[in-house]
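Q: I would like to go through this model with you. Could we begin with the ligand and then turn to individual residues?

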Amino acid sequence: EKGGYEHFMLKEIYEQPHAIRDTYRGRLLANEGIIRMSGVENHKEKFLNANRIIIVACGTSWHAGLVAEYIFEDIARIPVEVEYASEFRYRNPVITEKDVVIAISQSGETADTLAAIKLAKANGAFVFGVCNVVGSSIARETHAGAYTHAGPEIGVASTKAFTTQITVLTLIALKLAKEKGTISNSDFHYHLEQLELIPDKVKQALKSDEHIKKVAETYKDATNCLYLGRGYNFPVALEGALKLKEISYIHAEGYPAAEMKHGPIALIDEQMPVFVIATKKGHYEKVVSNIQEIKSRKGKIIAIVTEGDVDVKKLADHIIEVPETLESLSPLLTTIPLQLLSYHIAVMLGKNVDQPRNLAKSVTVE
Ligand code: M6R
């Protein structure tokens, strides 16, 4: 059942090229230059007339929502708020009929997310679901939706659900951008072509596994780790930290790189591994200067870089390369080495990777 892999988590990490392709199959029609998603098409007016989009989710799905915030605002020019479902539901939030709420959930059973949906519906919002489990409570409770088609995710640590959620949300953002005319035709086509190249690039990124294992060996005894990223890769930093925490029980924090000097930089010493996402597109120079600040305080730097990078290589203790892509699609690649790294560290520490202590695959109680 684990298909020859030692754990479900590893199997699911390796399934991502395939899973992402399954997510856009029949939806992304690059040759015809269209995106077909009936859940969006049938409610196009709701999306196009929305004052804003509110994304509600928990955990890793919330991180996918944060990535979506960047892409929706960047290319579709729709204001987005991303909310922890647990906070949203108890906050007496302002919701109107002009709001579109997108609920993201792998299991489709998360209690807080379900309650947030009910509240949004009661206040007249249009609610769209992005779920993996077909026929789940959230899929049934929403007005419309799009499945991720990632296949069953068994490991408690979410991996392929995350990348396929980002894929679905990217397709929606591109479709709306096209409808609204906030993206040029050539840019739209370019995005479609680049998205179609992602599965092969994920495969390429997975080839660094042996190298990542060595990096894991070096840092497995750390007691604290920092994860930094900017822009589209800030949520990837949060996700990297969550992955390490939940399966290896090592304390880790994710931050926007520029927030370092507002406090966390005080933590840096020669004991502190800092994982930095420093890909070529998207604030590269700024991230390089953040890396310099860490280096001058003797932090250990492990950087996720674009293939062929030279500048960060000179500064970092370790680099892990991923193929080049559009900035907006880069989370689909930069997240891969961080998943593998957490996996290997947890295995080396002898932890129960697929069923970490205190955690359940779906959190059906609040
Ligand atoms: O099924 P959901 O996507 O609604 O689950 C949300 C979180 O419980 C989930 O992502 C959790 O954070 C994972 N264990 C993270 O790996």
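Q: How many residues surround the ligand, and which are the closest?
A: This is a predicted model. In it, 14 residues surround the ligand. The closest are Ser61, Ser105, Gln106, Thr110 and Glu246.

Q: What is the distance from a polar side-chain atom of Thr110 to an oxygen atom of the ligand?
A: That distance is 2.4 Å.

Q: And which backbone atoms should I look at?
A: Val156 and Ser158 are two places to look. A polar backbone atom of Val156 is 3.1 Å from a nitrogen atom of the ligand. For Ser158, a backbone N or O atom lies 2.8 Å from an oxygen atom of the ligand.

Q: How much of the ligand's area does the protein bury?
A: The ligand exposes 410 Å² when taken alone, and the protein buries 91% of that.

Q: Which pocket does the ligand take up?
A: The space taken by the ligand is the largest pocket.

Q: Which elements give two or more residues to the shell around the ligand?
A: Those elements are α5, residues 59–76, and α12, residues 234–248. The largest share of the shell comes from α5, which supplies three residues.

Q: How do the shell residues divide into nonpolar, polar and charged?
A: The shell around the ligand has four nonpolar residues, eight polar residues and two charged residues.

Q: Let us leave the ligand. Where does His7 lie, and is His7 buried or exposed?
A: His7 lies in the segment before α1, the helix of residues 8–14. His7 counts as buried because its relative accessibility is 15%, and the cut-off for buried is under 20%.

Q: How far is His7 from Val347?
A: The two residues are 340 residues apart along the chain. Their C-alpha atoms are separated by 9.6 Å.

Q: What about Gln16: where is Gln16 found, and what joins the side chains of Gln16 and Gln339?
A: Gln16 is found in helix α2, which covers residues 16–24. A polar contact of 2.7 Å joins the side chain of Gln16 to that of Gln339.

Q: Why does Gln16 count as buried?
A: Gln16 counts as buried because its relative accessibility is 0%.

Q: Now the loops. Where is Asn31 found, and is Asn31 buried or exposed?
A: Asn31 is found in the loop between β1 (28–29) and β2 (34–35). Its relative accessibility is 83%, so Asn31 counts as exposed.

Q: How far apart are Asn31 and His189?
A: Along the chain, Asn31 and His189 are 158 residues apart. The separation of their C-alpha atoms is 8.8 Å.

Q: What is the phi of His149, and where is His149 found?
A: His149 has a positive phi of about 55°, although it is not a glycine. His149 is found in the loop between β7 (144–147) and α9 (160–180). At 37% relative accessibility, His149 counts as partly exposed.

Q: What about the phi of Tyr249?
A: Tyr249 is not a glycine either, and its phi is positive, about 65°. Tyr249 is found in the loop between α12 and β9 (251–256). With a relative accessible area of 25%, Tyr249 is partly exposed.

Q: Where does Gly181 lie, and is Gly181 buried or exposed?
A: Gly181 lies in the loop between α9 and α10, the latter being residues 185–206. Gly181 counts as exposed because its relative accessibility is 55%, and the cut-off for exposed is over 50%.

Q: How far is Gly181 from Ile75?
A: Gly181 and Ile75 are 106 residues apart along the chain. A distance of 9.6 Å separates their C-alpha atoms.

Q: One last residue: where is the place of Ile320, and is Ile320 buried or exposed?
A: Ile320 has its place in strand β12, residues 318–322. The relative accessible area of Ile320 is 1%, so Ile320 is buried.

Q: How far apart are Ile320 and Ala103 in space?
A: Measuring from C-alpha to C-alpha, Ile320 and Ala103 are 33 Å apart in space. In sequence, Ile320 and Ala103 are 217 residues apart.

Key
Residues are numbered from 1 along each chain as its sequence is written. This is a predicted model: local features need pLDDT of at least 70, side-chain atom pairs count only at pLDDT 80 or more; totals for chains, interfaces and linings use all residues. Side-chain values use heavy atoms; hydrogens and water are left out. A residue is near a molecule or strand if one of its heavy atoms lies within 4 Å of it. A polar contact is a pair of N or O atoms within 3.5 Å; within protein, one must be able to donate a hydrogen and the other to accept it, and residues adjacent in sequence count only if both atoms are side-chain atoms. Accessible areas come from the Shrake-Rupley method with a 1.4 Å probe; for residues, only the protein chains shown count as cover. On a 1 Å grid over the protein atoms alone, a cavity is a set of points where a 1.4 Å probe fits but cannot get out, and a pocket is an open set with protein on both sides within 12 Å along at least five of seven lines; lining residues have an atom within 4 Å of a point. A molecule sits in a cavity or pocket if more than half of its atoms lie within 2 Å of its grid points. Helices (H or I, at least four residues) and strands (E, at least two) are DSSP runs, numbered from the N terminus. Ala, Val, Leu, Ile, Met, Phe, Trp, Tyr, Cys and Pro count as nonpolar, Asp, Glu, Lys and Arg as charged, and the others, Gly among them, as polar. Buried means under 20% relative accessible area, exposed over 50%, partly exposed in between (1.4 Å probe, protein chains only).
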